[in-house]
Structure formats: structure tokens, C-alpha cells
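Please open the model in your viewer and keep the selection panel handy. We will go from whole chains down to single residues and back out again.

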Amino acid sequence: MNILDAIKERRLFCDGGTGTYLQARGLKPGEPPDLWNLSKPDEIIGMHKAYLVAGSDIIAANTFSASPLRFENYEEIIAAAIKNARLAIEEAGKEGEAFVVLDIGPSGRMLEPLGDFPFEEAVETFAKIVRAAVPYSPDAILIETMNDSLETKAAVLAAKENSSLPVFVTNVYDENGTLMTGASPEAMVAMLEGLSVDALGMNCSLGPKQMIPLVERIMKITSTPVIVNPNAGLPRTEDGKTVYDVGEDEFASCMKEMASLGVNIMGGCCGTTPEYIRKEREAVSDVPYSLPAKKDITMVSSFTHAVFFGERTILIGERINPTGKKRFKQALLTHDINYILEEGLSQQKAGADILDVNVGLPEIDEPSMMKEVVSELQAISDLPLQIDTGDEKALENALRIYNGKPMINSVNGRKEIQDKVFPLAKKYGGLIVGLTIGESGVPETVEERFEIARKIYERAAEYGIEKKNIIIDPLAMAVSANDGSGLVTLETVRRIHDELHGLTSLGVSNISFGLPERSTLNSAFLLMTMTAGLSAAIMNPFSADMMRAFLSFNVLSGKDKNCAGFLERIGDYQIEASEQKVIKDSESHPSKEETKDDDPVFALSSAIERGLKERAADIAKRLISEGTDPILIVNNAVIPALNNVGEGFEKKKLFLPNLLMASEAAQAAFSVIKENMKGKDGGFDEGGKIVIATVKGDVHDIGKNIVKVILENYGFSVTDLGKDVPPERVVCAVKETGARLVGLSALMTTTVPAMEETIKKLHEETPGVKIMVGGAVMNEEYAAMIKADFYGRDAMASVRYAEEVLR
Amino acid sequence: MTATTLLIEKENIEIPLKDVLIFAGYRTCDKDSPVSKEYKTRAGDALSKIKQVFTPKACFIRSDIEKRGEDFVEILGMRLESKPLSELLSPCKEVFLFAVTAGPFVDREISKMRFSPVDEILYDAAGSAAAEALCDEAERQLSSLAGKKLCQRFSPGYSGLSIDCQGDFLRLLEAGKRAGICLTKGNMMAPLKSVTAILGIPEREGEERTLY
């Protein structure tokens, strides 16, 4: 019987702690247990046997950290570990009853963007482990002790792409009930079920008691068998030894509760011994066993939380999309990722539940842009994403690195599209939007659209995709072109909801295309579709009319508990209030000079010097709208203000906060001015190009960031390579940008050699390029010694030197 | 003994605004000017947010100093080459190694501020202040565990001790599993606001040393 068949029939028991067991037998702190597979196989076989005798059905091969990142001979270790486990089963007389799993622990590296481990490198690292194990035929792969969702995904993909073995996953939840990088149990269930793992659950970190509420949450929503391997409580030190605070009996009684909740596979983790497993097995023997019931729950997830469909209408922000947006197109063309990210963050603030991401433009490389935008967005926003693309490669790129279970926009009734998208959705997981477009376009009747929806469900099922993972978009078409189009959409929404019990999603605003007062129509249509049972609205969360309708519907339909959502947000959409706010802001910083003289150029200068960014932007807007030449605004207001502050700083009359706040205000004015300089964008970059970096081995970059901000405000175009930058990358950036000046920063004494090496390389490979250095460990003498051209004691000194070199 | 998780209650951690301001270069400024006041207010906002999102974790291990020379010490098979460190630990037979982190959400919060240079600096400063406060708390707990005052804390990257030891450090502490701290290729740590350090346990009370 294979392990999956066994789970269908009976509760299986894992083993317990390895480290704890082996330390009692002489393993030293820091000594990897994995090496004992080769040096002390008898000890390892003995440990496995002890667990088997105590009642374990599943033995984890001793491969927790047998990674190519750690051991050159990882293949040898893995082979020996699986052989040892098999031998133990044989010696214990449990052949055919007990199973060996390949045990994969975390890599020890943090994945990008939080760390520096690229996703594909992580997948390949885990893949090597899997490939090393496959020839020795473990019964399954156990990916365990994972405290990051994205790393978990990398390991699951590696397991699935390199073997056909069952995959079990257990994560580590902390006292907040999340993984260390933020995922809730619901988010993990959404992602792992999307990836079609064979069992999921938790191990380590918490004691069994603390795990019970988390297990309950998982059981409520999962259709997948659940594994729980807790620690023997929390560790503490007693007479120089680590002891755990939950004894065998207490452990066993908690595990009995877990069994009653429906846990299918159970064992122990740190601090547990064969005796714990024996008592656990004994305690749960009379608890009836069953597999989790299939749940008809639709959810998507981000790296922190899951969003559930069907309870209330979900708001999908539509603004990350170049269609009809000049500024957005420009951002894509000039690779202005920050602009795109800001669109994401502002929609989140405005109340979006999910962000649609569409970065398709014929002129750009969509697959690579999609990958970058998804990666960057999920670094700063915790909203789930809807991957919106017609490009198969872009879709796969996004699905691979997406940290959770996304929405996929979209398939339609055409087989050709379905054959491309469904296999990807099946592999990576996702809630798929199905547009009611047939082979001959968008049908005009409700019946035809309804039929396409039905067929999409059927085709998805052929790919093993359940109906709960499909959301039908019955398409809102311009009512200006066809009087009845609103009704057709509404009726289709209603019938899918009532007759098929399916989910629907709609790009609501399309209804008003070609008519004036669009937001009035959009908000009315939104209310009508929500009443008809719409599950998700793709819309602009900045539209006050639509947001008022959205919030009102939730209250009036009893879906907003205690009217909390309405009360929290409705204030944002009172027009009078927001006008008052603008007036109040400008009044809160009265200036004697301004009341004397209301020349707007002077006022702008003054606002910048006083670090008032909103005011600076407002005045710049006013000047532009009055037709003032942008160049004049820069030359007469922005630059003089920055110079005043800069000089004040140099004379020690003003200080770093003044310098920074003025820079921020100047940037706010700049961005208004730039936006209005048609065709002349970037025209202020004639100041010259500079590459800056914190050198390899050094992670402190505050000083460097300050220098960057100030340099940019003086019109220099700065390429910031970040921190911990190897010399080769600096050289490469200088060659690519043609910069004639490089700024290097180091804070720690230990990284000065790296700075010296970078300077040497720059002198060799990019002769003529000037190098300025700064940072806490630097001084003039030191700078000269490592052959830098200039030591900048502060940000303004760097500006002055840059002016000298580049202007 | 083995590596152990150090329990840190978020509520017990005080992060002084003063520290945030020091990290953010406020020390020398005209404190009465409106700009400075605004800067201070925003530093306070940054600190509130960081306090809200930080997820403190810590772990430690206690060990004998196995070998020592004039310019090195060896702890749990890890050779740490630094003369000042060796001097600092001269009254000690034992040490604590520890690691603390303010957690990944601090990194994310700082990263979110990339659109506002001032806030980016203030959030970063608040994150650093949080890490400092965690070090102080870890030190307090370990000192109470040892029952005496400890030597000044010493971190890789300072006074000649190369950060190449960071990997061994984190492994011995099982810092990945216990605190979610990982190593980067350049031997840095992720999350960003993480610190590893050594604390000497002087043999006799009152013999604890400081670096300078």
C-alpha cells in the first residue's frame, strides 16, 4: 500500500525530534545531524528504530539540512540517510507498513525581495535535493519547518517538477498565529491547495496547546489531509540544559484533541522523543478517523492573508493598467516602476481588496516587466493580485513567483486560450476569470453567455480544476452602443449566481463607455449588479461615486457588520470635507513672508525652504496652470530655495532635517513640473550622471540615501545600486550609464577593503571616472590612501564636488 | 547546551524616540525651528508604525570559550579573530552568543517609504532603534540568567572582527528556525534590522569589561 492510500484508511504517525535525540547521544551544538548518516549510521538507524517501535509509521530521513548550500557531498548524505531509514524499517520488521519521507528543511537564505536569494535559485537548490533522493525511492517528500511562504512555494515546485512523489508541507507558526514572514493559516491553505500538495499543516515553534486554535482554523477551510508535528512545548534553560515544558502525558492529551479536530497525520518535533510518540498513539487510538470533507470555499491569498469570495462583493482595483492612461504608458516605457507601485499602494489605501496587474504594451518585454512588477508589488503591498495578461509567458512568470494564490485574468470560451491557461492554473493554483466570449465573439443574449459559462466550468473540470476556482465575467458592454446591454449583463450575473451557484466578476465601468457623467452611471450599475449577486467588481477605487455606492450597498445588504466599513471610509468621499482639508493644510503653516508678498514664485521658494511638500506641489500646480514656463519655475524658485538651504547647511545654520525636508518639498514640486513638461520629461537631468553604492559587505545605507536625495535635487541623475554592492556591479553600472562620477559609502571598518577594491577596479576598467567616498569610517587621509579622488564629509560636500566635476 | 529561543514580549520593549532621532541625524539641529518640529513629529509617526509592525524574535546559546590567544577566541569551534574582542573577554570563561531581529515587516514598511525620502530615512532610523532596544532587552534577560553584569556587547563587523563569521554564528544559534534570520551572500542578515552579538560572562561579579 502506498502512503496516500494509507492516509485514506487510517491516521498515520510521524516520528519526533531528531536534534534533541541525537544531542543526548553526543551531537554537539552546531554539529549537523546530517553528517551522522555517514559517520555514525548505527546511531541514526537506532533512532529510527526507536521511533518505529514506539509507533511511528512515517520516518523522516535524516536530511533536514542536507542541502547543496551546506554540503558538497549532499547527494551522498541523502542517499545514506534514506538507506538508513529503510534499513531501520527492515530491522524493525515494519516493511510495507512504515514509510520513509525525504525531509527538506529551509535553505537558511531569505528569498528576494526581503533577502537576496533569487526565487529560481531557491527552486534549483531544492530541486537538487529532490533529484538526489529520487533514485532511492522515498515514499513521499516532507517539506517542513518553513517559516516563509515564498520559500515553501519554491520547495513545493522543486518537488513537483522533479518527482512524482506525494508532497507534504508543514509550516512554522509563531505566537501571532502567522509564519515569520506574515502568512496566516488561511493564506497557507489557499496557496498550498492551489499547488495541489497532498497534505499540509504545521510543525515546530509552538507547543501542542497553542497550535490547537490554528489547527481549528485550518480544518474549517481545507479539503486536504492535515499534518501536525508540535514541539514538546517551549524550551527553557535549566542548569545549563535545554528542557521543554510539556511532558508526554500533556502532549498526548493535546494530540487527542487534534485527532478529534480531524488531524490525519501526527507526530512531534523539537523536544519530543519516542516516548511522546508512544503515548500520543495510545491516546488517540479510540478517536474515529476520516479525511477532511471537500469544502466549497473560494479564496485567493497574498503573503499575509486570504480573501474569501461569496460573503460580500470583493473590490478589485483596476488602475494598474495602461489602457487609456497616458502617464501609465509612459511609466512602462521609461521603466518607472515606482509610479506603478504607487498606483498599487494608493488603491490599497482607497479600499481595494485585490489589485489587478496589467502591464501589457506592444513596445515592452511584457514577461519580464510582469515578473518585476509582481515581485516589487508584493514587497510592499499585502493585497492579493490578479494577474491580467494575454501573454502566456508573462502569466507563467507571474504565477511562478507569486507569493500566494492569485487571480488569473483570464480565459474565455475559446479552446485555444483554455489549453494555454488551464494547465498553468492547475500547476500553480489560482482563481481563474472566465470571460463569456465564444469562438465568434461576445454573444448578445443571456442564454448564449450563460452557456459559455457552463462550458468553461466543464472544460476546467477536464483539467482537474474545480468550479470553485472559476469566476465568470459576463462582460459589461457599452450601453451607448446597445440599449439592452446592461440588462443582458445583469441577467447573466443573476442566472450564474442563482442557477449555477457560481461566482461572477465584472469590469463595471465599461457600461458607461461613450457617455458623459460616467461615474454616475457606473455607480448605479454597480449597485444593480451587486444586487443581482455580483461576487467581485473590477473598478476604480478612486471614484468617489462608485465607492459611495459600494460602501452603501454593503451596509444596506447587511454585509457590513455594525456599519464599521462604512463609518471608517465614508468620510474620505465627502467632497466638502476634502476641500476643507486642503484649506486647513495651507493655513497650518502660515508664513509672514507670504502674507506680505503673495508672488507664487516666492511662495514656492519659501514652501521648499520650509519643507512643506503638499504646499510646494500645490503652488507648482498653480504656476503651471497659469502658464508659467516650467524652466523658469525651476530656475527662479526651486534651485534658489535649495541653494539657500544648502548654504545654510554648509554654514551650520541649518541642519540635516532642514536639508531633507527641503529636498522632499522640492521633489514634490519637481514631479508636478515634470508631469506637465510634455515631451521634455527628464529635461532637468543635464546635471550629469552619478552612480552611487554602499560597498560589498556593508548594509548601512542611510548616509548614502541622504546623499542620493540631495544630489537628485540638484539635478543630477543618480543610479543607486543599493547596499552590499560587489565591485563588478559598480564597474558595470558605470559602463552602462556612462557616469563620470561614482560615490561609495562604507560604515564598518571591515568593509573598507571592499571599498579599496572597488576603487581599484574602477580605476583599471573605467579610467577617468572620479570617485568620491564617505561614511562613518572615512576621513580625508583614509580616502587618499585608498586612492579615492574626494572625501565628502556630508551630503552638501558631495553636491559641491559633483558640481565641480560634472558642470 | 543547545540554542534556545529567547522569549521577548513586544509590549515590554521600549523604543525611545530619542534613539530614532539620533539615527536620523537630528542631534545637531535647531530644535525650535518649524522644520525640526515637523521632522520630530514625523519621526514619532515612523516610530509608532514600526512599533505596530515589528515582530521581535531572539535566540541565544551559552558556551565556554574553548581556546583563546592574544588576538582571537574560539567558541563552539568558531574562531573569532579580533584583538579587542579577545581583550574584552579576558575576564570570562563563558559567553552568550545571541541574535535578535525586529522582523521582516519592518523591512517592508521601510521599503514602502521609498516614495518619500524623509520617511524612508525616519522609518529606517526607527527600525534601527527597534533593533537596539531588542539588543538591550536580550542583554537584560541574559544578564539576569547569568546572575551578574555582562561585558559590553560585541558584534561581527566591528573592531576588526570580520562578518565572515556571521554564517557560523547564525547556524550555532539556529537563528533561521528560531528567529527567522537568514544570511545573505555578502554575509549580511535578512531581515535587515537584525543583530548578532557576543556577551562575555565574567567569572567574578564586577569584572565585566567595556571596549573602550
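What radius of gyration would a compact globule with 212 residues have, and what does chain B have? A compact globule of that length would come out near 17 Å, and chain B has 18 Å, which agrees. Keep in mind throughout that this is a predicted model.

**Stop 1: chain B on its own**

Select chain B and colour by secondary structure: you should find 7 helices and 8 strands. Aligned to its principal axes, the C-alpha atoms fill a box of roughly 55 × 35 × 30 Å. Of the 212 residues in chain B, 54% count as buried. Among contacts in chain B with a separation of 6 or more, 77% link residues 24 or more positions apart.

**Stop 2: chain A**

Now switch to chain A, which has 32 helices and 25 strands. Its radius of gyration is 31 Å, close to the 28 Å that the globule rule gives for 807 residues, so chain A is as compact as a globular protein of that length. The C-alpha trace spans about 95 × 80 × 45 Å along the principal axes. In chain A, 55% of the residues count as buried, and residues 24 or more positions apart account for 74% of the contacts with a separation of 6 or more.

**Stop 3: the parallel sheet**

Within chain A, pick out the open sheet of 8 strands, ordered β1-β10-β7-β6-β5-β4-β3-β2, with parallel pairing. At the edges stand β1 (12–13) and β2 (58–60) of chain A; each has a single partner strand, so one side of each is left without a neighbour in the sheet. Then zoom in on β4 (residues 140–146) and β5 (residues 167–171) of chain A, which run parallel and are joined by 4 bridges. Show A:Ile141 and look across to β5(A), where its bridge partner is A:Val167.

**Stop 4: the nonpolar core**

Keep A:Ile141 selected and add A:Ala616, A:Ala669 and B:Phe98: these have the most contacts inside the largest nonpolar core, a set of 337 residues. The largest share of this core, 13 residues, comes from α5(B). In soluble globular proteins, nonpolar side chains tend to be buried together. Centre on B:Phe98 next; beyond four places in sequence, its contacts include B:Leu6, B:Phe60, B:Leu142 and B:Leu199.

**Stop 5: where the chains meet**

Show both chains: 55 residues of chain B are in contact with 48 residues of chain A. Elements of chain B that each supply at least two residues to this side include α2 (34–53), β2 (57–69) and α5 (117–146). By class, the side of chain B that touches chain A has 25 nonpolar, 18 polar and 12 charged residues.

**Stop 6: a buried leucine**

Go to A:Leu395 in helix α15 (residues 392–401) of chain A. Is A:Leu395 buried or exposed? It counts as buried, because 25 C-beta neighbours lie inside 10 Å. Beyond four places in sequence, A:Leu395 is in contact with A:Ile387, A:Thr389, A:Ile408, A:Val421 and A:Leu424. Try a C-alpha distance to A:Met370 as well: the two are 25 residues apart in sequence and 7.9 Å apart in space.

**Last stop: confidence**

Finally, colour chain A by pLDDT: the average is 91, and 95% of the residues score at least 70. Residues 576–597 of chain A stay under 50, and the model has 11 contacts for them beyond four places in sequence. Over residues 679–683 of chain A the pLDDT is also below 50, with 2 contacts beyond near neighbours in sequence. Where pLDDT is low, the predicted coordinates should not be read in detail.

Conventions
Residues are numbered from 1 along each chain as its sequence is written. Chains are lettered from A and ligands numbered from 1 in the order in which they are written. A residue is buried if 20 or more other C-beta atoms lie within 10 Å of its own, exposed if 12 or fewer, and partly exposed in between; C-beta atoms are placed from the backbone. Two residues are in contact if their C-beta atoms, placed from the backbone, lie within 7 Å. Ala, Val, Leu, Ile, Met, Phe, Trp, Tyr, Cys and Pro count as nonpolar, Asp, Glu, Lys and Arg as charged, and the others, Gly among them, as polar. The radius of gyration is taken over C-alpha atoms; the globule rule is 2.2 Å times the number of residues to the power 0.38. A nonpolar core is a set of buried Ala, Val, Leu, Ile, Met, Phe, Trp, Tyr and Cys residues joined through C-beta atoms within 7 Å. pLDDT is the predictor's confidence in each residue, from 0 to 100. Two strands pair if DSSP finds at least two bridges between them.
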